[in-house]
Amino acid sequence: GGATKLQVKAVPRESWPDGASLDEEQVKALHAASHGDVGFVLGWHELPSGLVVVRSWHGGLEAEGDVSLVLGDLRLPMARRCGWLYEALLEGASALPEDQRHYAVEVAKEGGTPQLLYDAFAHSAPLVSDAEVKQFHDGFSAKIGDVMGCHCAQLQGAYGLRFAVWAPKAQLVRVVGDFNGWDGRAHPMKRRCLGEDFTGIWELFVPFGTEKEAVPLGSRYMYRIKGYGGTDMDKIDPFGQRFEVPPSHATVVSGFNDDVGTDPFRWSDGAWMEERSKMRADDSFRRQPMAIYEVHLPSWRRTLEGELLGFRELAPLLLQHMQALHFNWIELLPIAHHPFDGSWGYQVTGHYAVYSSLGSPEDFKFFVDEMHNAGIGVIMDYVPAHFCKDSWGLVDYDGSATFEYEDPREGEHAEWGTRVFNFKTNEVRAFLLGAPLFWIEKYHVDGFRVDAVSAMLYRNFMREEGEWIPNEDGGDSNLEAVSLLRELTQRVNKLWPGVVMIAEESTSWSGVTRGMEEPNGLGFDFKWDLGWMNDTLSYLASPARERPGKHEKLTFRGLYMQHEKWVLPLSHDEVVSGKGSLVDKMSYLDHPDFFDKAQLLKALYGFQVGSPGRPLLFMGAEYAQGREWNYRQSLDWHEGEEELRSKVCTWVSDLIGTYVAHQPLHAGDDEPHGAEAVGLSRSFEWTEVDNREACTVAFMRTWRDELPVFVVCNFSPNTYNGYGFGLPYGGTWKVLLNSDDWRYGGRGCGPGNNTELETTPEGRYGWPACLKIDVPANSCLFLLGPKSPPTKPPEVTGAAEPSE
């Protein structure tokens with residue numbers, strides 16, 4: 001190879017043929033930062049004559065000087081075409097193989113060491129491979145986060161930044177940033193073509209030197225796009241992995257997830273990850289307890305001065321709190337990057353970036369690793385339904401509708417002031433499908449709660465007549481969004497078994513948690529039961545005297561609970577925007593005092609945890625915070641030190657601990673009515689369902705040969721002494737929990753924790769055994785039954801009347 005290079009010679013400038021030097025029109029376009037196809041004029045190009053012209057474009061070539069082309073061991077003179085542009089015409093260079101064509105430019109310094117410049121156009125080979133382009137165009141690439149965006153890389157001996165961005169209708173795209181003085185002339189990007197066809201992708205490798213330290217990690221950059229209509233716009237990198245702290249918005253060079261970037265984070269959660277995958281393989285994850293603590297990290301806890309705590313500061317505090325409460329899953333309101341705190345993270349600009357106000361990518365990896373090592377799974381909210389309209393973001397990215405639908409009847413969400421992703425465009429689908437896979441791979445995230453699924457499923461969601469377009473069949477479902485969601489759940493399950501997919505879906509769409517064998521099946525693991533939440537809170541907000549007339553709100557769920565697999569949420573949405581706190585909702589039309597509100601709140605939590613479905617509780621509810629949630633400030637932790645509130649927190653801790661410890665309370669959640677095909681009997685059965693006047697319900701939870709758990713809820717302000725409940729199990733029943741116990745700030749009415757009660761054999765309304773209990777007002781009790789085979793009740797069951 002060296003011998004071949006020695007045959008390469010520079011043609012003297014005076015001997016250059018016509019057309020070898022760049023013409024004036026092209027030069028003007030370069031200096032005006034308006035050249036639309038620099039890949040055809042800059043760098044290494046073979047002329048029809050067999051000569052090779054090398055054109056180097058660099059801001060370091062502004063001044064006149066002695067400039068040489070460095071090609072291996074050769075130093076060949078370059079001719080100045082104008083400021084920034086030097087050229088060399090080479091004889092014998094066309095025979096050089098590709099791997100010997102990389103070059104640098106040396107500028108002689110008077111009386112000093114020559115300066116070596118690295119030319120962004122010296123690298124002629126495509127950066128995005130043909131296969132990667134095809135995957136992107138076909139709508140899915142598992143590693144799209146590593147393909148697109150900005151990445152630290154080493155090419156042909158030089159360390160630098162590899163950029164790739166999709167802007168199909170842009171006239172030209174330039175990288176601007178701290179490393180080039182935000183000068184649009186410095187780094188125009190090359191069109192990535194397949195044959196003669198432009199792929200819509202612009203790419204460029206910007207080298208900085210032969211040492212990794214030369215790469216400007218932490219510097220800011222944007223894409224300066226001359227759009228479809230001719231207007232220049234500075235846009236963020238859609239695949240950027242780090243951003244400035246708001247209100248600034250530039251993308252930041254990360255390197256945290258690149259092979260030649262920063263030193264890789266040392267994970268220590270191998271055992272957790274292995275167990276996660278194993279539990280999916282045998283489907284045992286469905287039999288595990290899943291008590292979810294929902295958290296908005298910026299407002300969970302702050303400094304005394306009101307400043308944000310970062311991922312590293314929050315991790316040990318959250319761990320200690322969650323372990324004390326026995327929660328084993330945390331669900332994070334969106335921590336993908338978002339510019340406006342007031343959106344709570346639901347208007348995302350950086351789908352591949354950690355929220356920079358809380359720390360770096362490595363800081364979030366630390367957070368997840370700590371959670372895993374404590375046995376806590378991490379769910380994050382994912383928002384593929386819509387995006388915000390900040391001019392520097394994704395909106396009209398290339399000067400036209402790029403990521404969104406073009407027609408505002410499809411692409412505009414007026415109620416939220418956002419744009420809707422175009423679920424039909426393959427490149428947008430690749431973007432949306434790639435993001436969760438990126439978070440799973442890079443950050444070890446264990447699950448996603450997909451936000452606003454209803455807005456995706458229905459074209460007329462929150463739209464009046466004339467404001468939406470029917471689908472191709474004339475219906476209101478968004479067929480391409482349905483196919484995207486189905487593909488998302490399938491891809492995650494196949495590539496990362498064990499990762500949990502949860503849908504926030506509020507309509508009657510049938511099949512959210514069913515498989516692909518059903519036409520409407522979306523393949524989610526769980527669905528939020530917003531109907532249960534609305535019915536239950538509506539019932540408990542009513543005056544006590546009106547509750548008998550609304551009893552069906554407590555029991556209606558029994559008719560549909562078998563149809564899907566559920567999470568029972570008491571989430572952030574219920575304690576914001578003027579809705580008040582959970583404790584304030586309790587019988588608020590009766591204007592009760594705080595004690596009675598707290599009593600009813602504890603009963604609500606008992607009803608939630610005892611019912612089939614994974615309980616989810618939003619932060620602050622564990623100690624009955626008085627005011628509604630405010631994203632701008634920390635929770636009112638001082639309230640949790642009050643005696644009654646601290647005892648409410650103790651109730652939550654004991655309740656969740658009981659849920660985790662007793663399999664009947666969680667293992668059969670997905671088969672409340674049983675499943676004959678797999679030999680599962682009922683895991684849930686009403687024993688008291690119709691006594692509307694007493695405002696009581698009672699039910700059994702069972703699982704295989706485990707001791708059964710009996711749950712009693714009294715949502716009345718009345719105490720019922722000697723209330724008789726029918727039971728299928730006779731014998732000794734032990735009180736696990738009584739929400740009116742002194743331990744929980746109650747009055748001490750009814751049997752205390754660990755009290756043993758005996759059934760009587762006379763039966764009750766068809767049940768073979770009867771258990772008489774003093775049931776406190778506004779209370780919930782959990783009792784553990786004897787080890788006895790279940791006795792099948794008769795077909796007709798009635799409700800017990802309260803004892804005289």
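**A walk through two sets of strands**

Let's start with an open sheet of four strands, lined up in the order S5-S4-S8-S9 with antiparallel pairing. Strand S5 (74-77) and strand S9 (115-117) sit at the edges, and each has a single partner strand, so one side of each is left without a neighbour in the sheet. Going from one strand to the next, the twist averages 35°. Keep in mind as you look around that this is a predicted model.

Now look inside that sheet. Strand S4 (residues 67-71) and strand S8 (residues 104-107) are joined by four bridges, and they pair in the antiparallel sense. If you'd like a spot to find by eye, go to valine 70: its bridge partner in S8 is alanine 104.

A general point helps before moving on: the strands of a sheet pair through backbone hydrogen bonds, and they can do so parallel or antiparallel. For the parallel kind, head further along the chain to strand S19 (residues 329-332). Strand S18 (residues 292-295) pairs with S19 in the parallel sense over four bridges. Here isoleucine 292 has tryptophan 329 of S19 as its bridge partner. S19 also runs parallel to strand S22 (residues 377-382), and four bridges join the two. In this pairing, leucine 332 has methionine 380 of S22 as its bridge partner.

So what about the faces of S19, are they covered or uncovered? Both are covered. Trp329 and Glu331 point to one side, Ile330 and Leu332 to the other, and all of these are buried. Tryptophan 329 is thus a handy residue to pick out: it is buried, and it is the bridge partner of isoleucine 292.

How values were computed. Residues numbered from 1 in each chain as written. Predicted model: local features only at pLDDT ≥ 70, side-chain atom pairs only at ≥ 80, totals over all residues. Heavy atoms only, no water. Buried < 20%, exposed > 50% of the residue type's maximum accessible area, 1.4 Å probe, protein only. Pairing = 2+ DSSP bridges. Axes fitted to C-alpha atoms, helices over the stretch in contact; angles between N-to-C directions.
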